[in-house]
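Work through the exercises below with the sequence and the model at hand, trying each task before reading its solution.

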Amino acid sequence: MQRVLLIDDDAALTRLVGDYLSGAGFQVEIAGDAAGGRRALLAAGRGGRPIDLLILDLMLPDADGLELCRELRADTDPAIAALPIVMLTARGDDTDRIVGLELGADDYLGKPFHPRELLARIRAVLRRGAGGAGRAAEAPLR
(Lines give C-alpha, C1' and ligand atoms only; values in the text may rest on other atoms or scores of the structure.)
Protein backbone atom coordinates (compact mmCIF):
# COMPACT_ATOMS: atom_id res chain seq x y z
CA MET A 1 0.00 0.00 0.00
CA GLN A 2 1.45 3.35 -1.01
CA ARG A 3 1.76 6.10 1.60
CA VAL A 4 0.65 9.66 1.01
CA LEU A 5 1.49 12.54 3.32
CA LEU A 6 -1.03 15.39 3.18
CA ILE A 7 0.18 18.68 4.65
CA ASP A 8 -2.79 21.05 4.95
CA ASP A 9 -4.30 22.98 7.85
CA ASP A 10 -7.95 22.65 6.69
CA ALA A 11 -9.32 19.85 8.90
CA ALA A 12 -12.49 19.31 6.85
CA LEU A 13 -10.51 19.05 3.62
CA THR A 14 -7.92 16.68 5.07
CA ARG A 15 -10.71 14.44 6.38
CA LEU A 16 -12.40 14.38 2.94
CA VAL A 17 -9.15 13.76 1.02
CA GLY A 18 -7.90 11.25 3.59
CA ASP A 19 -11.11 9.22 3.45
CA TYR A 20 -11.25 9.32 -0.35
CA LEU A 21 -7.63 8.28 -0.86
CA SER A 22 -7.90 5.59 1.83
CA GLY A 23 -10.89 4.18 -0.03
CA ALA A 24 -8.75 4.12 -3.18
CA GLY A 25 -6.10 1.98 -1.48
CA PHE A 26 -3.63 4.55 -0.15
CA GLN A 27 -2.39 4.88 3.41
CA VAL A 28 -2.81 8.56 4.26
CA GLU A 29 -0.93 10.45 6.94
CA ILE A 30 -2.01 14.01 7.74
CA ALA A 31 -0.02 16.93 9.09
CA GLY A 32 -1.70 20.26 9.85
CA ASP A 33 1.42 22.35 9.38
CA ALA A 34 4.91 22.32 7.91
CA ALA A 35 6.54 21.33 11.21
CA GLY A 36 4.30 18.26 11.49
CA GLY A 37 5.01 17.39 7.87
CA ARG A 38 8.75 17.60 8.44
CA ARG A 39 8.43 15.36 11.51
CA ALA A 40 6.47 12.78 9.49
CA LEU A 41 9.10 12.80 6.74
CA LEU A 42 11.93 12.43 9.26
CA ALA A 43 10.15 9.55 11.00
CA ALA A 44 9.65 7.81 7.66
CA GLY A 45 13.34 8.29 6.89
CA ARG A 46 14.44 6.79 10.22
CA GLY A 47 13.45 3.24 9.46
CA GLY A 48 9.73 3.85 9.10
CA ARG A 49 7.80 3.06 5.94
CA PRO A 50 8.73 5.65 3.32
CA ILE A 51 6.30 8.27 2.07
CA ASP A 52 5.53 7.70 -1.62
CA LEU A 53 3.95 11.09 -2.39
CA LEU A 54 3.40 14.43 -0.70
CA ILE A 55 0.29 16.58 -1.15
CA LEU A 56 1.24 20.09 -0.10
CA ASP A 57 -0.85 23.19 0.58
CA LEU A 58 0.89 26.50 -0.07
CA MET A 59 -0.73 28.48 2.73
CA LEU A 60 0.30 26.81 5.96
CA PRO A 61 0.09 28.44 9.39
CA ASP A 62 3.82 28.10 10.07
CA ALA A 63 5.45 28.22 6.63
CA ASP A 64 5.04 29.02 2.97
CA GLY A 65 4.45 25.80 1.02
CA LEU A 66 6.56 27.09 -1.86
CA GLU A 67 9.52 27.51 0.48
CA LEU A 68 8.90 24.06 1.98
CA CYS A 69 8.90 22.58 -1.53
CA ARG A 70 12.22 24.31 -2.25
CA GLU A 71 13.69 22.96 1.02
CA LEU A 72 12.56 19.41 0.27
CA ARG A 73 14.06 19.47 -3.23
CA ALA A 74 17.38 20.64 -1.72
CA ASP A 75 17.37 18.03 1.08
CA THR A 76 20.52 15.93 1.46
CA ASP A 77 18.41 12.76 1.81
CA PRO A 78 17.88 11.58 -1.78
CA ALA A 79 14.53 9.97 -0.91
CA ILE A 80 13.17 13.30 0.36
CA ALA A 81 14.71 15.31 -2.47
CA ALA A 82 13.05 13.04 -5.05
CA LEU A 83 9.70 12.72 -3.26
CA PRO A 84 6.83 13.36 -5.70
CA ILE A 85 4.95 16.52 -4.72
CA VAL A 86 1.43 17.53 -5.73
CA MET A 87 0.52 21.04 -4.64
CA LEU A 88 -3.12 21.44 -3.66
CA THR A 89 -3.98 25.04 -2.95
CA ALA A 90 -6.41 27.92 -3.23
CA ARG A 91 -3.60 29.99 -4.74
CA GLY A 92 -4.32 29.06 -8.31
CA ASP A 93 -3.22 32.03 -10.40
CA ASP A 94 -0.74 31.49 -13.23
CA THR A 95 2.22 32.90 -11.32
CA ASP A 96 1.72 30.62 -8.31
CA ARG A 97 1.30 27.54 -10.52
CA ILE A 98 4.39 28.37 -12.56
CA VAL A 99 6.53 29.12 -9.49
CA GLY A 100 5.33 25.93 -7.79
CA LEU A 101 6.29 23.83 -10.78
CA GLU A 102 9.61 25.66 -11.18
CA LEU A 103 10.47 24.98 -7.53
CA GLY A 104 9.98 21.26 -8.03
CA ALA A 105 6.31 20.34 -7.69
CA ASP A 106 5.35 17.47 -9.97
CA ASP A 107 1.77 18.71 -10.33
CA TYR A 108 -0.43 21.54 -9.11
CA LEU A 109 -4.17 21.43 -8.48
CA GLY A 110 -6.24 24.42 -7.41
CA LYS A 111 -9.01 24.39 -4.82
CA PRO A 112 -11.86 23.70 -5.17
CA PHE A 113 -11.19 20.41 -6.92
CA HIS A 114 -12.90 17.11 -7.62
CA PRO A 115 -11.44 14.27 -5.50
CA ARG A 116 -11.41 11.99 -8.53
CA GLU A 117 -9.19 14.48 -10.40
CA LEU A 118 -6.79 14.57 -7.44
CA LEU A 119 -6.66 10.77 -7.45
CA ALA A 120 -6.00 10.70 -11.20
CA ARG A 121 -3.20 13.25 -10.83
CA ILE A 122 -1.64 11.31 -7.94
CA ARG A 123 -1.67 8.12 -9.97
CA ALA A 124 -0.16 9.90 -12.97
CA VAL A 125 2.67 11.34 -10.87
CA LEU A 126 3.35 7.95 -9.28
CA ARG A 127 3.38 6.24 -12.69
CA ARG A 128 6.01 8.70 -13.88
CA GLY A 129 8.10 8.29 -10.72
CA ALA A 130 10.52 5.53 -9.91
CA GLY A 131 8.74 2.43 -8.70
CA GLY A 132 5.28 3.87 -9.28
CA ALA A 133 4.49 2.01 -12.51
CA GLY A 134 1.85 -0.60 -12.03
CA ARG A 135 1.09 0.07 -8.38
CA ALA A 136 -0.63 3.40 -9.07
CA ALA A 137 -3.25 1.69 -11.23
CA GLU A 138 -4.30 -0.95 -8.68
CA ALA A 139 -7.65 0.48 -7.59
CA PRO A 140 -10.24 1.81 -10.07
CA LEU A 141 -11.21 5.48 -10.12
CA ARG A 142 -14.35 6.27 -8.17
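**Exercise 1.** Against which helix and strands do the buried residues of helix 6 pack?

*Solution.* In this predicted model, begin with the residues concerned: L118, L119, I122, R123, A124, V125 and L126 are buried in helix 6. Next, follow their packing, which brings the buried residues of helix 6 against helix 1 (11-23) as well as strand 3 (53-56), strand 4 (85-89) and strand 5 (107-110).

**Exercise 2.** Compare the expected span of helix 6 with the distance between its end C-alpha atoms.

*Solution.* Helix 6 covers residues 115-128, that is 14 residues, and at 1.5 Å a residue, counting one less than the number of residues, the span should be 20 Å. The end C-alpha atoms are 20 Å apart, so the two values agree.

**Exercise 3.** Is D107 buried or exposed, and which residues does D107 contact beyond its sequence neighbours?

*Solution.* First, place D107 in strand 5. Its relative accessibility is 14%, and because buried means under 20%, D107 counts as buried. Then, leaving aside neighbours within four places in sequence, the contacts of D107 are I85, V86, M87, L101, R121 and V125. With R121, the side chain of D107 makes a polar contact of 2.7 Å. Finally, the C-alpha atom of D107 lies 9.9 Å from that of L118, a residue 11 places away along the chain.

**Exercise 4.** How many bridges join strand 1 to strand 2, and which residue stands opposite I7?

*Solution.* Strand 1 (residues 3-7) and strand 2 (residues 27-31) run parallel and are joined by five bridges, with A31 of strand 2 opposite I7. Between these strands the chain passes through helix 1, forming a β-α-β crossover that is right-handed.

Key: Residues are numbered from 1 along each chain as its sequence is written. This is a predicted model: local features need pLDDT of at least 70, side-chain atom pairs count only at pLDDT 80 or more; totals for chains, interfaces and linings use all residues. Side-chain values use heavy atoms; hydrogens and water are left out. Helices (H or I, at least four residues) and strands (E, at least two) are DSSP runs, numbered from the N terminus. Buried means under 20% relative accessible area, exposed over 50%, partly exposed in between (1.4 Å probe, protein chains only). Contact means heavy atoms within 4.5 Å. A polar contact is a pair of N or O atoms within 3.5 Å; within protein, one must be able to donate a hydrogen and the other to accept it, and residues adjacent in sequence count only if both atoms are side-chain atoms. Two strands pair if DSSP finds at least two bridges between them. A crossover is right-handed if, with the strands pointing away from the viewer, the path from the first strand over the helix to the second runs clockwise.
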